[in-house]
Amino acid sequence: MQRKDKNKDREPAILDKAGKGLFVAVFIVILFTLLPLTVDRYTLHILILCQTFVVISVCWNLLAMTRQVSLGHAAFFGLGAYTSALLSDRLSTPPWLDIASGGIVASFGAIILGLICLRMATWALAIVTFSFAEALRVISSMIEFTEGAQGISLLPLFEGNPNNKLFSYYLILVIALITAVAVYFVIQSRLAYAFRAIHDDEQAASTLGVNPALFKLLAFTISAFFTGLAGGFYAHYTTHIEPATAFNVHISVEAQLMPLIGGLYTFIGPIIGAFVLTLMTEYLRVSFGQGYMIFYGIILVVTIMFLPEGIIGIYKIVWSKVRRAGLVRGV
Amino acid sequence: MLELENVTKYFGGLCAINDVSFSVKENESVGLIGPNGSGKTTLFNLITGVYRCSSGKILLWGNRIDGTKPFRICHMGVGRTFQITRPFPHMTVRENVAIGAIYGKTVKGISPRLALQRADDVLEFVGLANRKHTLVTNLTLADKKMVELAKAISTQPKLLLLDEVMAGLNTTEVAELMETVRKIYHSGTTVIIIEHVMKAIVGLASRTIVLNFGNKIADGPTHEVMNEKGVIETYLGKEFKVVRSSRAAS
Amino acid sequence: MKIQIFLQVIANGLLTGGFYMAIAVGITLIFGVLNVIYFAYGESIMLGSYLSYFLFTLWGVDPLISLPLAIIMTSLLGVIVQKTFIKPVMKAPHLNQILLTFGIAVILQNMVLIGVGGDYVSITTSYSGISLKIGPLRIGLVRFLEFLLSIVLTGGITLWLKYTDWGRAVRAVTQNEESAKLTGINVDRVYLITFVVGSALGGAAGVMISLIMYTFPLIGFNFVIKAFAIVILGGIGSIPGAVAGAMILGVTESLVSQYFRGGSGWAEGVSFMMIIAVLLIRPGGLFYAKEG
């Protein structure tokens with residue numbers, strides 16, 4: 001019992017504390033701003049992918065904090081991508097408008113879906129979101145409006161500019177930063193209390209004055225909006241989207257895997273997970289080829305069965321062992 | 001303050017509450033007793049909006065609240081504890097209590113910093129201040145019950161519904177909890193207490209309502225109700241003499 | 001003329017529905033009895049289909065003969081999956097089950113992808129193109145046979161549940177696990193058997209698929225959604241409900257295909273709309289089978 005008493009003076013953090021974290025954060029931001037200036041085009045491309053997935057990862061994690069698990073996050077990514085592509089193709093709107101609209105359309109999708117699923121059990125929502133993404137994929141591959149399976153082409157970003165890849169990177173970096181900051185503020189605010197209470201016991205939270213519908217929808221909308229932005233960006237960056245890529249199951253799988261391996265419900269976890277997973281995907285795609293997703297299936301299975309807290313869980317275990325051994329005073 | 005008019009609740013074919021009516025005045029302390037399954041918790045669930053009435057009306061200060069969502073009823077000033085404690089497992093005691101402090105009165109809520117201060121005050125009041133950074137899952141049952149109570153009052157309710165808060169506690173713990181409830185009552189809160197621990201009902205409630213199979217079978221001053229033959233037979237099973245306690249609020 | 005088209009559409013829908021029956025009953029058993037959400041169910045179908053394809057392509061074995069082999073193979077798979085993965089998570093939250101079985105699905109899909117590649121494959125037998133003329137309607141022979149086969153399988157399962165000892169044990173466990181244990185039923189064995197039977201049905205359905213549409217590693221997801229849509233519509237755990245749901249889905253898809261512009265695309269969205277509609281209106285489905 002002695003050990004447990006020592007813990008009582010330290011507030012376990014479900015809500016990440018600022019402070020020392022701030023220095024690290026600023027350092028990392030500067031790193032990511034300056035680093036790309038020194039790397040080659042291929043690495044830059046990878047970094048762009050990483051940042052895109054950081055957005056998706058952080059958003060999925062936010063939604064999961066309200067116990068709404070989306071198995072079809074690709075739906076919002078794809079909605080953003082297609083909105084952006086359609087606007088660009090049919091109305092020749094400037095990219096920033098396309099991308100923003102992508103986010104907006106994705107959030108509308110989320111509001112509607114969220115309203116429908118408000119009272120559903122978690123597993124029901126998972127099935128619904130999965131079917132939603134699949135339905136969008138199949139339908140968009142068959143109707144004329146979205147040009148069917150062949151997809152839509154767009155003009156590249158910053159066309160004619162020799163530094164276009166670099167500028168594309170900064171664009172997605174800005175989007176990722178905005179997303180991270182927004183989510184960070186949510187996690188630091190009273191919203192996090194509501195989210196966590198709803199996640200743990202919606203009914204009990206309700207009798208304490210928390211409006212579950214409001215916060216669940218809010219989480220859904222925020223999550224979808226930024227994911228839609230990422231999708232909108234991706235469409236422009238890759239200059240061509242089609243149902244198979246925009247609504248790909250891979251995106252949905254990776255969306256949940258990134259926070260899972262990086263550390264569910266934390267702030268930094270999804271970001272770490274995004275980098276790890278994107279790099280891993282790229283490596284596997286090149287060296288292993290088709291079927292690399294099998295590793296993700298394995299990771300998913302192993303994680304659920306043995307490591308519910310992800311990498312951060314391991315980190316916590318190690319950290320607490322180190323503290324107990326008296327090597328480091330309480331934080 | 002609180003009025004139930006002909007409230008009935010069916011679960012499928014089962015009638016859980018049958019035409020129950022009563023009213024509770026401000027700053028009353030009412031006991032609610034009855035055998036297991038008589039519908040006491042169901043009544044609380046109906047009042048707090050967790051269930052909808054099959055028929056009948058529930059009014060709070062003259063306004064109908066049946067059909068209103070639980071969070072709104074909380075904002076109107078109704079707090080409750082749950083029979084089986086429902087703490088938020090991954091948070092500390094302080095954070096658990098802070099939730100009610102943040103959202104107990106408004107949809108928007110107050111700032112976490114303010115709320116944590118209020119939570120500290122509440123924890124001070126119930127005597128849990130030294131445990132405030134402990135994870136709720138690491139607490140003893142008595143402490144968990146106290147946290148449940150702390151959460152309920154963190155929303156500053158005018159009407160507090162206590163559902164078997166004493167269950168599972170030993171005599172010392174019961175006395176401690178009773179003292180805390182007394183303090184809450186004396187600060188102006190109206191309380192309705194569901195209990196099987198008769199000592200608590202007698203010690204805390206000036207008036208008692210008895211339920212059996214969803215029907216109200218008695219409603220009156222506690223010592224009278226306790227001695228009523230019908231109540232004794234259906235619930236207590238044998239003669240149980242109650243001496244009117246001078247400490248019971250009346 | 002229009003009436004004839006309409007009737008043909010309905011007939012096609014019913015035939016499809018008959019085939020959907022097979023996949024629905026499998027999931028109904030697993031979901032209804034074990035209360036497990038088995039997202040990898042579609043992979044039983046996929047594997048059954050591939051087995052049929054390979055036996056036919058390599059050795060000329062007719063799919064209808066591969067049927068029992070597919071059943072055996074997916075049964076074995078069911079045993080392995082149930083003992084290794086399902087058993088530990090039976091009491092876990094549904095969400096964990098979904099994520100876990102989703103992972104299993106991904107693993108199985110990619111094993112096949114690595115093993116045989118992702119090309120779409122299909123079988124054409126000597127009798128594939130034959131259609132019967134019943135009144136003004138044309139009924140594909142293969143689809144008709146599969147319709148009958150599904151009825152036989154569904155009927156067989158129903159009889160099994162009703163009249164055999166194991167079947168009764170399954171029903172007892174579904175209603176009340178504790179009481180079943182008290183009467184000496186080996187609950188673990190019941191769960192295993194039910195899961196295996198469910199998987200086997202998937203394998204059988206897979207063989208049927210191989211004859212009427214093309215196969216590729218990812219078809220599992222498509223079917224698992226349809227299966228869940230049917231089960232949610234018909235009531236979790238109810239076999240009559242699964243049958244009804246299957247028919248409704250089949251007919252609705254057929255109608256949408258015919259009468260909506262770009263129909264066959266929108267038809268895929270039908271299962272999704274159905275899931276939403278039912279979960280909105282009646283979370284328990286149209287038929288209730290579980291007491292309490």
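This is a short tour of a predicted model, with stops in chain B and at the contact between chains A and C.

**Stop 1: the domains of chain B.** Colour chain B by its domain assignment, which gives domain 1 as 1–25 + 53–66 and domain 2 as 69–217 + 234–250. The C-alpha centres of these two domains of chain B are 22 Å apart. Now select the boundary: eleven residues of domain 1 of chain B are in contact with ten residues of domain 2 of chain B. On the domain 1 side, strand β2 (residues 14–24) of chain B gives the most, with seven residues. By class, that side of domain 1 of chain B has ten nonpolar residues, one polar residue and no charged residues.

**Stop 2: the sheet.** Show strands β1, β2, β4 and β5 of chain B. They form an open sheet with antiparallel pairing, in the order β2-β1-β4-β5. β2 and β5 (63–64) of chain B each have a single partner strand and stand at the edges, so one side of each has no neighbour in the sheet. Move to β1 (residues 2–11) and β4 (residues 55–60) of chain B, which run antiparallel and are joined by five bridges. To find a facing pair here, pick B:Leu4, which stands opposite B:Ile58 in β4(B).

Next add helix α1 (residues 40–47) of chain B. This helix lies across β1, β2 and β4 of chain B and runs at about 65° to β2(B).

**Stop 3: an enclosed helix.** Select α3 (residues 93–103) of chain B. How many of the eleven residues of this helix are buried? Eleven of the eleven are, so helix α3 of chain B is largely enclosed by the rest of the structure. The buried set includes charged-type names such as B:Arg94 and B:Glu95, along with B:Val97, B:Ile99 and B:Tyr103. To see what surrounds them, display α4 (112–126) and α5 (141–154) of chain B, then α8 (190–200) and α9 (202–207) of chain A; the buried residues of α3(B) pack against these helices from both chains.

**Stop 4: chain A against chain C.** Finally, show chains A and C together. Their contact takes 33 residues from chain A and 33 residues from chain C. On the chain A side, select α6 (122–140), α12 (249–262) and α14 (293–306), each of which supplies at least two residues. α6(A) gives the most to this side, with twelve residues. Colouring by class shows 26 nonpolar, five polar and two charged residues on the side of chain A that touches chain C.

Methods: Residues are numbered from 1 along each chain as its sequence is written. Chains are lettered from A and ligands numbered from 1 in the order in which they are written. This is a predicted model: local features need pLDDT of at least 70, side-chain atom pairs count only at pLDDT 80 or more; totals for chains, interfaces and linings use all residues. Two residues are in contact if their C-beta atoms, placed from the backbone, lie within 7 Å. Helices (H or I, at least four residues) and strands (E, at least two) are DSSP runs, numbered from the N terminus. Domain bounds come from an automatic or database domain assignment. A residue is buried if 20 or more other C-beta atoms lie within 10 Å of its own, exposed if 12 or fewer, and partly exposed in between; C-beta atoms are placed from the backbone. Two strands pair if DSSP finds at least two bridges between them. Axes are lines fitted to C-alpha atoms, for helices over the stretch in contact, and angles run from 0 to 180 degrees between N-to-C directions.
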